[in-house]
Amino acid sequence: MQIDRVDRAILIELQRDGRLTNAELARRVNLSPPACLERVRRLEKAGYILGYVALLDPAKLGSGLLVFTEIVLDRTTPEVFERFRDAVMTMPEILECHMVAGGFDYLVKARVRDMAAYRDFLGSSLVALPGVRETHTYAVMEEVKSTTAITLPPGQPAAR
């Protein structure tokens, strides 16, 4: 499915505010509400829109410390990767986990209450993950930019 200028406009508006009513979204992208709703449903069905979420304030919810941790595994076999991935999926502190190319195997993004909570998390959870040989942690002092929005340049063809 190819997306056009109007589809991109819909995606941009929904990234800004996923709670827009269909009528307001239609107004912003210059469509009738039925036509707009049809396009949104088509974008959802095609997998361009994966879901809708509320963005929460981590500090107000007791998760004020953001950390990034590089993980080096002791072996890089399919079994070790699978066991590591399965264990990570059960850990609510971990927001993101990415297998990367380079000097380490995984980059983990986690949120915890404070440094003491991170030390507990590191000692009882991260280093205990299957296959972990070493970790390097970077505590975030200031979030300079944090966004979930994907840039959609005008006229750029969509991937098929």
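This is a short walk through the helices of one predicted model and the elements they pack against.

Before I start, a word on how to read the values: because the model is predicted, local features need pLDDT of at least 70 and side-chain atom pairs count only at pLDDT 80 or more, while totals for chains, interfaces and linings use all residues. Residues are numbered from 1 along each chain as its sequence is written, and side-chain values use heavy atoms, with hydrogens and water left out.

Let me begin with the helices at the start of the chain. When I say helix or strand, I mean a DSSP run, H or I of at least four residues for a helix and E of at least two for a strand, numbered from the N terminus. Helix α1 covers residues 5-16 and helix α3 covers residues 33-45, and these two pack at an angle of about 80°, with their axes 11 Å apart. The axes here are lines fitted to C-alpha atoms, for helices over the stretch in contact, and the angles run from 0 to 180 degrees between N-to-C directions. How are α1 and α3 oriented to each other, then? They are roughly perpendicular, a term that covers 65 to 115 degrees, where angles under 35 count as roughly parallel, over 145 as roughly antiparallel and the rest as oblique.

If you look at where they meet, V6, D7, I10, L11 and L14 from α1 are in contact with C36, R39, V40, R42 and L43 from α3, contact meaning heavy atoms within 4.5 Å. By class, the residues of this contact are seven nonpolar, no polar and three charged; Ala, Val, Leu, Ile, Met, Phe, Trp, Tyr, Cys and Pro count as nonpolar, Asp, Glu, Lys and Arg as charged, and the others, Gly among them, as polar.

Helix α3 has a second partner in α2, and the axes of α2 and α3 come within 9 Å and cross at roughly 95°. That makes α2 roughly perpendicular to α3. On the α2 side the contact uses N22, A23, L25, A26 and V29, which meet P33, C36, L37 and V40 in α3, and this contact has eight nonpolar, one polar and no charged residues.

Between α2, at 22-29, and α3 there is a loop that holds N30. N30 has a positive phi of about 60° although it is not a glycine, and N30 is exposed, with a relative accessible area of 69%. For this and for what follows, exposed means over 50% relative accessible area, buried under 20% and partly exposed in between, with a 1.4 Å probe and protein chains only.

Turning to α3 itself, its 13 residues reach 18 Å from the first C-alpha to the last, close to the 18 Å expected at 1.5 Å a residue, where the expected span is 1.5 Å times one less than the number of residues. Which residues of α3 are buried? They are C36, R39, V40 and L43, and they cover an arc of only 100° around the axis, which puts them on the same side of α3; the arc is that of the directions from the helix axis to the C-beta atoms. These buried residues pack against α1 and α2, whereas the face turned away from them carries the exposed residues P34, R41 and K45.

I move on to helix α4, residues 78-88, where V80, F81, F84, A87 and V88 are buried. They cover an arc of only 135° around the axis, which puts them on the same side of α4, and on the other side P78 and E79 are exposed. The buried residues of α4 pack against β1, β2, β3 and β4.

Helix α5, residues 115-126, has twelve residues, but its end C-alpha atoms are only 14 Å apart, short of the 16 Å that a straight helix would reach at 1.5 Å a residue. Its buried residues are A117, Y118, F121, S125 and L126, which pack against β1 (65-73), β2 (94-99), β3 (106-112) and β4 (132-139). The face turned away from that buried side carries R119, D120 and S124, which are exposed.

I close with a residue in strand β2, I94, which counts as buried at 11% relative accessibility. Not counting residues up to four places away in sequence, I94 touches V88, V108, K109, A110, F121 and L126, and the C-alpha atoms of I94 and L126, 32 residues apart along the chain, are separated by 9.7 Å.
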